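This report goes through a protein model part by part. It takes up pockets, nonpolar cores, salt bridges and a disulfide.

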Amino acid sequence: MCQVRDDRLREISGMVATDDGYVVVNDGADDESRRRVFFLNRSCAVVRAVAYPSRPRDTEDLAVGSDGTIWVADIGDNDRTRQTIALWRLAPGADRPVLHRMAYPDRPHDAEGLLLDADGRPLVVTKGGSGTAILYAPTTALRPGATTTLASVGQVVLPTTTTSNPYSFLGRGVVTGAASAPDGRRVVLRSYADAFEYDVPDGDVVAALTTGTARITPLPDEPQGEAITYSRDGRSLLTVSEAAGQPGSYPTILRYPTATAGTPRPTEPAP
């Protein structure tokens, strides 16, 4: 679709599509200028950058509500040491996101995926390993200034694939991003290698992920694929990787056709 050439965006970990372009966030960044919610136009140029009121820990994904609210998932925890994780809520037109803290009921988890169900309830998808990820949801409504306890609501077992990626079999068994279709009737999880799309016919995202059958779209050899979203018309999956780390390389937003019952495994990104 386009290349992101702004030097502040070298570790893109989350993305959503908008009518005018895209919204993206970096993975945890030491450089203060990279700790923003970035709004891009359709050519991937930054047109707005919203700062956080305090320093986020490890922003890993984005979701967009039906009213246009952007939710930033500050849920990464590589060392599994965080006492709380967080969601930042950025209302349409707001100049600062609002922090909502959450705590797991059992132990810290590393997570990189965020979904919203039909009622707008956030679902945190752990990164997992060996093909299994856990779903967590708040037990009560989120409130600024409070810590909301999460509850485990199910597990997702990813299908087995052989798709080529930089991390071999390990890259095929972890969840690095998630997204809901604009009409809410499909959701997708991604690994470093593939996208797994599930139908949500009755609005029950948890049931779809825990009991449904995934359609698989390979995402072969993306450098470090951590972000996925649907196009605004719902016909395509859009992905972006962190920069490959090579001189002159830039994160590139790619478009893949969504899988259907008749075409379950497209192997190349669309032109």
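The lining of the largest pocket is made up of 23 nonpolar, 12 polar and 9 charged residues. The model is a predicted one. In total 44 residues line this largest pocket, and V64, G65, S66, D67 and L116 are the ones nearest its centre. Seen by element, two or more lining residues come from each of β2 (12-17), β6 (59-64), β7 (70-74), β8 (85-90), β10, β14 (177-180) and β18. The space inside the largest pocket is about 870 Å³.

The second largest pocket holds about 160 Å³ of space. Its lining has 13 residues, and those nearest the centre are M1, T18, Y22, S231 and R232. Two elements, β3 (21-26) and β19 (236-241), give two or more residues to this lining. By class, the lining of the second largest pocket divides into 4 nonpolar, 4 polar and 5 charged residues.

**Nonpolar cores**

In soluble globular proteins, nonpolar side chains tend to be buried together. In this model, the largest nonpolar core has 21 residues. Within this core, L115, L189, Y198 and L209 have the most contacts. At least two core residues come from each of β11, β12, β15, β16 (194-199) and α2 (205-211). Of these, α2 gives the most, with 4 residues. Another core lies apart from this one and has 16 residues, including A63, W71, A111 and L150.

**Salt bridges**

The model has 11 salt bridges. Three of them are listed here.

| Pair | Closest N to O distance |
|---|---|
| D106 and R107 | 3.5 Å |
| K127 and E112 | 3.2 Å |
| R190 and E222 | 3.1 Å |

D106 pairs with R107 through their side chains. Is D106 buried, partly exposed or exposed? With a relative accessible area of 44%, D106 counts as partly exposed, because that class lies between 20% and 50%.

K127 forms a salt bridge with E112. K127 sits in the loop between β11 (122-126) and β12 (132-138), while E112 is in strand β10 (residues 111-116), so the pair ties together parts that are 15 residues apart in sequence. Both K127 and E112 are buried.

R190 forms a salt bridge with E222. Here R190 belongs to strand β15 (residues 186-190) and E222 to the loop between β17 (215-218) and β18 (225-230), so this pair ties together parts that are 32 residues apart in sequence. R190 and E222 are both buried. Elsewhere, R186, E197, D199 and R215 are joined into one network by salt bridges that share partners.

**The disulfide**

There is 1 disulfide in the structure. It joins C2 to C44, with an S to S distance of 1.9 Å. The link of C2 and C44 is right-handed, with 50 degrees about the S-S bond. Which parts of the chain does the pair link? C2 is in strand β1 (residues 2-3) and C44 is in the loop between β4 (36-41) and β5 (46-51), and these distant parts are 42 residues apart.

C2 has a relative accessible area of 11%, so C2 is buried, the limit being under 20%. C44 is also buried, with a relative accessible area of 3%.

How values were computed. Residues numbered from 1 in each chain as written. Predicted model: local features only at pLDDT ≥ 70, side-chain atom pairs only at ≥ 80, totals over all residues. Heavy atoms only, no water. Salt bridge = Lys/Arg side-chain N within 4 Å of Asp/Glu carboxyl O. Buried < 20%, exposed > 50% of the residue type's maximum accessible area, 1.4 Å probe, protein only. 1 Å grid on protein atoms, 1.4 Å probe; cavity = no way out; pocket = protein on both sides within 12 Å on 5 of 7 lines; lining within 4 Å. Points joined across faces, edges and corners; volume = space filled by probe spheres on them. Nonpolar A, V, L, I, M, F, W, Y, C, P; charged D, E, K, R; others polar. Core = buried A, V, L, I, M, F, W, Y, C linked by side-chain atoms within 4.5 Å. Disulfide = S-S within 2.5 Å.
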